[in-house]
Amino acid sequence: MARPDTDALPASLMGGILRDAALYALVAFGLCVPLVAYRMDPGPGSDLVLVPRWGLVAILCAVTFGLRLLQRLLLLRRDARRALAPSPAQATEAVGAEPDAGQKVSKVGLWVFVAVAASLPILATLATGDLGSARYWIDLGILILTYVMLGWGLNIVVGLAGLLDLGYVAFYAVGAYSYALLSTTFGLSFWVCLPLAGLFAGLWGMLLGFPVLRLRGDYLAIVTLAFGEIIRLVLINWTDVTGGSAGISSIPRATFFGIPFSADEDGFAARFGLDYDSMHRVVFLYYLILVLALITNFVTLRLRRLPIGRAWEALREDEIACRSLGIDTTATKLTAFALGAAFGGIAGSFFAVRQGFISPESFTFLESAIILAIVVLGGMGSQFGVAIAAVAMVAGPEMLRNLGGLKAVFGEGFDPSEYRLLLFGLAMVAMMVWRPRGLISVRMPSVTLGERRAISGAHVSEGHG
Amino acid sequence: MDVFVQQLINGLTLGSIYGLIAIGYTMVFGIIGMVNFAHGDVFMVSCFIALIAFLLLTTWLGISSIILAFLVVLVVAMALTALWGWAIERVAYRPLRGSFRLAPLISAIGVSIFLSNFVQVVQGARNKSMPPVLSGGVTLFERDGYAVFLSYKQCLIMGVTAVLLTGFWYLVQRTPFGRAQRACEQDRKMAALLGIDVDRTISLTFVLGAALAAVAGVLYVMYYGVVSFSDGFVPGVKAFTAAVLGGIGSLPGAVLGGLIIGLIETFWSAYFSIEYKDVAAFSILAIVLIFMPSGILGRPEVEKV
Amino acid sequence: MAAPVLTVDHLTMRFGGLTAVSDLSFSAKAGDITALIGPNGAGKTTVFNCITGFYKPTEGMLTLTHADGSAHLLERLPNHAVNRTARVARTFQNIRLFPGMTVLENLLVAQHKTLMRASGYTVLGLLGFKGFRNAEKAAIEKARGWLSRIDLLSRADEPAGALPYGAQRRLEIARAMCTDPVLLCLDEPAAGLNPRESAELNTLLRHIRDHEGTSVLLIEHDMSVVMEISDHIVVLDYGKKIADGTPEEIRTNPSVIAAYLGVEDEEVEAVEAEVGLSLPHEGAPA
């Protein structure tokens, strides 16, 4: 067994590690050739010109070599430590220790999250000096909360009922287009459209859900993906109604329950005796999405303790057993699907009212993947986990934009936000390898005789789809 | 009738390409029961590798024989794409074996997003077009001014597909690897107990799937002459549809499904509307999964209680 | 003479070319424990799956009669309705609990129908109506009753997946009983139990028969269980019924012995001689 101090590594062991790292570098080299080594640039005429970039390949291989070496050495140290002092936690890793921590975090965490979210506009104003400069943070907050709401909505379908839905963005689109079309063609107000959008999306959820819900696992995922794409393609091609790829613009803005946010005397500012500030609407939108998200959360938490919620979870655990207990699994799945869709639709109509413009561009498969990643990273079924994951997934890439300083290192052409999705894809893989059950993998029982204690994720099934 | 024959030729060409990609889906699904969502993007990567290799050969090394260039590109693309397939399995899927069931699918979605954006970052977002090669062909017959045309490219595509599929069929049916592969499909645990190196077999499955996708990639680039970083998704979904239609897990099914999807797509575009051709593909996917999930040549599944 | 609770008429089940059950007819009397036995692959579980709606039989009729005389044709009901309306509950050979839910939650899921109705199909429950809360309390009390009967009260809040094997078996039976079944179908309830647990199971099953008014149909390999608690035994081999009778009749039936020892029909006499039996072939089918 190797001794913990790496200085005294036997030469043969070190040689093995070096060889292993070199092998990794070699594979990296193979992967980079010729994709990285030659960049195809448009040359004179219509032909492509190859621009060699062997330096970059060398850097990538060196980085791979270094990282692998580091990883092996770190693992070596850890293994050596474990070998010397076997911890009791090791044997029961799947069941032990972790739940308590997760339990405490998720109990308090949701409240902390709500408190921080509720005070964000104030905090941002205080931190940046005035309301106008806080706009960036409030906008970011709106974006995050939209994904929190979407995540919580999808969590009903994926986390509770265990149905893998890869086309969730379709319902988001249905909600957005319902509001956009109802308001621009019939002049209906946002407050009428909001529930209608939820209703429409829910109906679509039932319509699409009905034929597919008897499919198992991956098939369900693929069919929902197909439906999501069909809806997007129809939105693009049905130009008469949806405006095609150009989308729908000049969608009416949100009003303060009928009072517009305008500078004139009927406007919000004048009515409430405030000085007009365009930020009023932004702050209002912020609190609107916060309330919508919290309603989603409240309803979900409430439903979890009702028979329907328990039936969803039972369905995720074992569908066949559910049927043997007289539970109509199709109807139960359908309610989960429709409810998740309805929340997605409501979020969609919020999206439309905030943007004032929508187009099929906003409803690609990637959006579905991001929302799903939020739910899975959060820990399926955990409301707080989903909220944290949404913050990480949305704010993280946003932070990349601020890394302009890296330009000094990588040259002027370097745009960190270009790497947003690349890193996002890597993060998805990494988190599956590192924590497949998400950040918070414990499950709280919906009802107890005694004290409420969390259930380790090791027991909880992930559903058949 | 003439239009029909022409579309038949075009459809079979396209179908050959889908069939080659579909084999990768069907084999991986057969052996580890996962939908390798990133397979379409592996195909896209192979298109880029092929294009670069081709440009290198013709402009830098000045190889003038198209057939020689084609063969070299084919071999290079197959080898390098196979390496990608191997590496992806190793990094993104193998650590998840035995993990919860959705993990590989989500990881695969991550790989898919990574690959398309990786290519976008290193090669730029613009479409890459290839100088036309192997133009010309033979006019099969001509009537009322409409000529049914079979291009050399189409001949080559169908020919290469046929030859490679035969070789591949031999590999799976007659070699020890093929036996191991089929054994793992039936029962992975038992295969391991009988001394089959399951990890290695799975790795090889990915390698083979990627290599066949690379063949499809080379043919695709040559046929259409243009490729972009986002070109993995739609052909990927169509090939997956082909695999499901043919009966997922069945190799002849994948090829058959590919041909059917290719034919449906070209006929749909010719006789209905070209805008909705992708809608047609997705609809077929949904309809097949809902109404005949075991496909044409697949085994029906009995629910185990 | 009690009326039959379950009548199986000419049941045939084919999978492709394989006939798993062929022209099987038998009936289970109300208030009885009926056992379905037979060697491996005899088609017992297939019969179960037909009765409980998981398979649609190729041919045949399955009638379930309630105490009030109402009859339900099981083969025509959708899967979940076999439990919901015909009130047939079952357990599974490889236990199917909801492993990530607590023991108590498992028993509440089983009372879904009652609780759903009480929660006004979720609407009233969502609004926090009192009627639902009372119904839930009653459901918890019922669960508590079963938990103390199967000796799991102290583990009510633990995940079902963390229970030892024997406890999981008992819980699955209690869960099935929480659906208020008329007929309880148990697929190898004693498999994997130690002798003490096996004895406890017998007590539990007798309690269900005598005090809950539920008839029991069970598949079992453990002959000590079968012979001790069954009122009636049906023997299957190769998808056909080879014997039908009381435990005493079955114990001495030569066809049964032959089936279990795996000998040809011609050798039955030889086997009888070995075992020391010389009974007429009464229980055997024509």
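User: What does it take for two residues to be in contact?

Analyst: Two residues are in contact if their C-beta atoms, placed from the backbone, lie within 7 Å. Here the model is predicted: local features need pLDDT of at least 70, side-chain atom pairs count only at pLDDT 80 or more, and totals for chains, interfaces and linings use all residues. Residues are numbered from 1 along each chain as its sequence is written, and chains are lettered from A and ligands numbered from 1 in the order in which they are written.

User: How many residues do chain B and chain A bring to their contact?

Analyst: Chain B brings 51 residues and chain A brings 49 residues. Helices (H or I, at least four residues) and strands (E, at least two) are DSSP runs, numbered from the N terminus. On the side of chain B that touches chain A, H4(B) gives the most, with 15 residues.

User: Which classes make up that side of chain B?

Analyst: Ala, Val, Leu, Ile, Met, Phe, Trp, Tyr, Cys and Pro count as nonpolar, Asp, Glu, Lys and Arg as charged, and the others, Gly among them, as polar. The side of chain B that touches chain A has 40 nonpolar, seven polar and four charged residues.

User: And what does chain A give to its contact with chain C?

Analyst: Chain A gives 32 residues, and chain C gives 31 residues. On that side of chain A, H12(A) gives the most, with seven residues. By class, the side of chain A that touches chain C has 15 nonpolar, eight polar and nine charged residues.
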